[in-house]
Amino acid sequence: MLYSILVAIDVLLAVGIIGLVLIQHGKGADVGAAFGSGASGTVFGARGSATFLTRATALLATLFFANSLLLAYLATHQPEAESVIDQSLPALEEVVEMPADEIQPEPKAQQAPATASDLPDVP
């Protein structure tokens with residue numbers, strides 16, 4: 001159950017990182033802001049959004065990395081489950097063998113006719 005929860009958290013962190021990277025400005029966006037394109041007037045100020053988004057991305061990337069390492073550790077250190085064959089072997093060893101003289105043969109099934117002359121006549 002812990003493994004499933006950590007996988008879900010890993011997916012959410014990955015989606016968060018992708019979202020943060022996509023809303024960040026590229027290096028060429030500063031050139032447009034210098035000519036008054038309006039990109040510099042954001043909620044966080046002219047420089048604040050880059051710092052906030054960069055730090056948030058770094059934090060999510062660190063959490064994603066730590067969570068992925070924990071998932072890798074859990075995946076490699078899980079106890080091995082016994083196979084069905086290994087579980088049934090002790091039960092097979094407990095079966096008591098019957099002496100050969102007590103074993104009764106099964107009744108034979110009727111055999112099909114061997115030749116065409118043995119077939120019944122059909123009107």
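**Entry 1: Overall layout**

Helices, with at least four residues, and strands, with at least two, are DSSP runs numbered from the N terminus. With that convention I looked up the secondary structure of this predicted model, and I recorded four helices and zero strands for the protein chain. Read along the sequence, the pattern is α-α-α-α.

**Entry 2: Confidence**

I next looked up how far the predictor trusts its own model. The mean pLDDT of the protein chain is 75, and 50% of its residues reach 70 or more. Where is confidence lowest, and where is it highest? The lowest value belongs to helix α2 (residues 29-34), with a mean of 60, and the highest belongs to α1, at 95.

**Entry 3: Surface and contacts**

I then turned to the chain as a whole. The protein chain has 123 residues, and buried residues make up 10% of them. It exposes about 10,800 Å², of which carbon and sulfur atoms supply 65%. I also looked up the contacts with a separation of 6 or more: residues 24 or more positions apart account for 87% of these.

**Entry 4: Helix α1**

I examined α1 (2-23) on its own. This helix has 22 residues and reaches 32 Å from its first C-alpha to its last, close to the 32 Å expected at 1.5 Å a residue. Which residues of α1 are buried? I noted Leu6, Asp10, Leu13, Ile17 and Leu20. Seen down the axis of α1, these buried residues fall within an arc of 95°, so they line one face of the helix. The face turned away from the buried side carries the exposed residues Ser4, Leu12, Val15, Ile18, Leu22 and Ile23.

**Entry 5: The nonpolar core**

I looked up the largest nonpolar core and found six residues in it: Leu13, Ile17, Leu20, Leu53, Ala56 and Leu60. Both α1 (2-23) and α3 (48-76) supply at least two residues of this core. For Ile17, leaving aside residues up to four places away in sequence, I recorded that it touches Leu60, Ala61 and Phe64.

**Entry 6: Leu13**

I followed one core residue further. Leu13 lies in helix α1. Why does Leu13 count as buried? Its relative accessibility is 11%, and buried means under 20%, so Leu13 qualifies. Beyond residues up to four places away in sequence, Leu13 touches Leu60, Leu63, Phe64 and Asn67. I also compared two kinds of distance for one of these partners: Leu13 and Leu60 are 47 residues apart in sequence, and their C-alpha atoms are 6.3 Å apart in space.

**Entry 7: Asn67**

Asn67 appeared among the contacts of Leu13, and I therefore looked it up under the same cut-off, by which buried means under 20% relative accessible area. The place of Asn67 is in helix α3. At 7% relative accessibility, Asn67 counts as buried. With residues up to four places away in sequence left out, Asn67 touches Leu6, Ile9, Asp10 and Leu13. Among these, Leu6, Asp10 and Leu13 are buried residues of α1.

**Entry 8: Thr54**

My last entry concerns Thr54, which lies in helix α3. Is Thr54 buried, exposed or partly exposed? Its relative accessible area is 45%, and Thr54 is therefore partly exposed, a class that falls between under 20% and over 50%. I also looked up its separation from Leu20: the two residues are 34 apart in sequence and 8.4 Å apart in space, C-alpha to C-alpha. Leu20 itself is one of the residues of the largest nonpolar core.

How values were computed
Residues are numbered from 1 along each chain as its sequence is written. This is a predicted model: local features need pLDDT of at least 70, side-chain atom pairs count only at pLDDT 80 or more; totals for chains, interfaces and linings use all residues. Side-chain values use heavy atoms; hydrogens and water are left out. A nonpolar core is a set of buried Ala, Val, Leu, Ile, Met, Phe, Trp, Tyr and Cys residues joined through side-chain atoms within 4.5 Å. Buried means under 20% relative accessible area, exposed over 50%, partly exposed in between (1.4 Å probe, protein chains only). Contact means heavy atoms within 4.5 Å. Accessible areas come from the Shrake-Rupley method with a 1.4 Å probe; for residues, only the protein chains shown count as cover. The expected span of a helix is 1.5 Å times one less than its number of residues. The arc is that of the directions from the helix axis to the C-beta atoms. pLDDT is the predictor's confidence in each residue, from 0 to 100.
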